Amino acid sequence: MNSISTFEDLDRILQVFKSVSSHHEHLKLSDLGLTRSGRVVSLVNHPSNKKALESAFDSTLNAVAQRVFADRSATVEDACKLISFRRNRREKDSKLGQSVAQRPVRQTEHDRIWQLLEGQKLSYQKEYENLAKMTTTRAIEWQGQAIYWTSTPGHKQAQYGYCSFLNTYLPETWILSENVKSQKVDPKCFFMSNVVARQFEQCFTDKGWPLQLPKAIHLSNICDISCYKLISSYTGSYNSREFIDLFMNNTAYGASFRHFASDFELEPDGLKVREGDILREESFLPDDPSLPERLLTVVVYVRPRQSNPGAGAVVSGVESQHFTGKGHVEARDVVGLVMYH
């Protein structure tokens, strides 16, 4: 087999495959195999030798780009875009005099966030593999905005149940709008931070903008009675340190937020409660008078973490039994947090 040991080698064989395949647009890395001569082929065209070809390609990806392509559901097009970006970035960094201190602030921040994403893939390698095995991620258009949807394909729902994570990533705002996890999936199989990182990376790949972390994260349309009771009973300012601490330490939403924000080295810097865009009658608790007529959204303003509180910080063991979102998923199929770690 020809030696394939660098991103440039991987890019070369994928580009050759694209040039000779008229149906490569929808193929994923999991659909491909590698011949002894170093040629990428579609597995569907080689049924008798499928396992050997698939194993050879898997071994190559693991050797060259294990963390980058841990998710084999990436399409050939997305893989080539990502390889191209990494090559271009490396070329820029290698220019004479381009030390870290001399790079533009925006590029330096982009590199830092990229390292965070790659570090998460290393720390959560098994969780990323589980997420890739159970779900697919794609962008869908809604009112002119790209929304990233990670969900369980229909043919896997009998095994894993129905998972759906529907979120929006803008340059300065993340909108976490619908996140549900099937009861068939072990809570520790993968975490919210893995989902967000997977979607955020694909958003960057699709749009090509420099990576930057948000200034505000919207926890949309909260449908959790204990969380709503805290909000409705508190008489002071929601933006006070006292309420922020109560929300972060004594609600499932807050505890979940703290975990995944920590993975992105963010911390809360302010909080606002506003009316959401989902009516109670569209939720899984349409007749519960404990909830407002229109569900609430908590906007958490964030900043880069000023200090490292440590992974052992105590978080309340509050759990929710309810799903936030429109009622196309049966409640019994859902581990009820809109967010979870």
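I count a residue as buried when its relative accessible area is under 20%, and as partly exposed between that and 50%. The model I am reading is predicted.

**Entry 1. Cysteines**

I looked up Cys189 and found a relative accessible area of 12%, so Cys189 is buried. Cys163 comes out at 0% relative accessibility and is therefore buried too. Are the two sulfurs bonded or too far apart for a bond? The cysteine sulfur closest to that of Cys163 is in Cys189, at 8.7 Å, which is too far for a bond. A disulfide would need the sulfur atoms within 2.5 Å. Starting from Cys189, I get Cys163 as the closest partner, again at 8.7 Å. For the structure I noted zero disulfides.

**Entry 2. The chain overall**

I noted 10 helices and 10 strands in the chain. It has 341 residues, and 50% of them count as buried. I then looked at contacts between residues at least 6 apart in sequence; 67% of these join residues at least 24 apart. The exposed area is about 16600 Å², with 50% of it supplied by carbon and sulfur atoms.

**Entry 3. Helix H1**

I checked the length of H1, residues 7-20. Its 14 residues should span 20 Å at 1.5 Å a residue, and the end C-alpha atoms are indeed 20 Å apart. I listed its buried residues: Phe7, Asp9, Leu10, Asp11, Ile13, Leu14, Phe17 and Lys18. The list includes Asp9, Asp11 and Lys18.

**Entry 4. Leu131**

I picked Leu131, which sits in helix H5, residues 125-134. Its relative accessible area is 3%, so Leu131 is buried. What does Leu131 contact, beyond its neighbours within four places in sequence? I found Thr150, Phe190, Asn194, Val195 and Arg198. For one of these, Asn194, I looked up the C-alpha separation from Leu131: 7.8 Å, across 63 residues of chain.

**Entry 5. Helix H7 and what follows**

H7 has 16 residues. From first C-alpha to last, H7 reaches 22 Å, close to the 22 Å expected at 1.5 Å a residue. I found 14 of the 16 residues buried, so H7 is largely enclosed by the rest of the structure. Just after H7, I noted that Gly208 has a positive phi of about 75°.

**Entry 6. Helix H9**

In H9, residues 241-250, I found Phe243, Ile244, Phe247 and Met248 buried. Where do they lie around the axis? They cover an arc of only 125°, which puts them on the same side of H9. An α-helix has 3.6 residues a turn, so residues three or four places apart point the same way. I then traced what the buried residues of H9 pack against: strands S7 (216-222), S8 (266-279) and S9 (294-304), and helices H8 (225-233) and H10 (252-263).

H9 also has a salt bridge, between the side chains of Arg241 and Asp245, at 3.5 Å from N to O. Arg241 and Asp245 are four residues apart in H9, which means about one helical turn separates them. I have Arg241 at 43% relative accessibility, partly exposed. Asp245 is partly exposed as well, at 34%.

**Entry 7. Other salt bridges**

I noted eight salt bridges in the structure. In one of them, the side chains of Glu265 and Arg112 meet at 3.0 Å, N to O. This pair links distant parts of the chain: Glu265 is in the loop between H10 and S8, and Arg112 is in helix H4 (residues 105-123), 153 residues apart. Glu265 has a relative accessible area of 29% and is partly exposed. Arg112, at 25%, also counts as partly exposed.

Lys215 forms a salt bridge with Glu172, and their closest N and O atoms are 3.6 Å apart. Where do the two partners lie? I placed Lys215 in the loop between helix H7 (192-207) and S7, and Glu172 in the loop between strand S5 (164-169) and strand S6 (173-182). The pair therefore ties together parts 43 residues apart in sequence. Glu172 is partly exposed, at 40% relative accessibility.

Definitions and conventions:
Residues are numbered from 1 along each chain as its sequence is written. This is a predicted model: local features need pLDDT of at least 70, side-chain atom pairs count only at pLDDT 80 or more; totals for chains, interfaces and linings use all residues. Side-chain values use heavy atoms; hydrogens and water are left out. Helices (H or I, at least four residues) and strands (E, at least two) are DSSP runs, numbered from the N terminus. The expected span of a helix is 1.5 Å times one less than its number of residues. Buried means under 20% relative accessible area, exposed over 50%, partly exposed in between (1.4 Å probe, protein chains only). Contact means heavy atoms within 4.5 Å. The arc is that of the directions from the helix axis to the C-beta atoms. Accessible areas come from the Shrake-Rupley method with a 1.4 Å probe; for residues, only the protein chains shown count as cover. A salt bridge is a side-chain nitrogen of Lys or Arg within 4 Å of a carboxyl oxygen of Asp or Glu.
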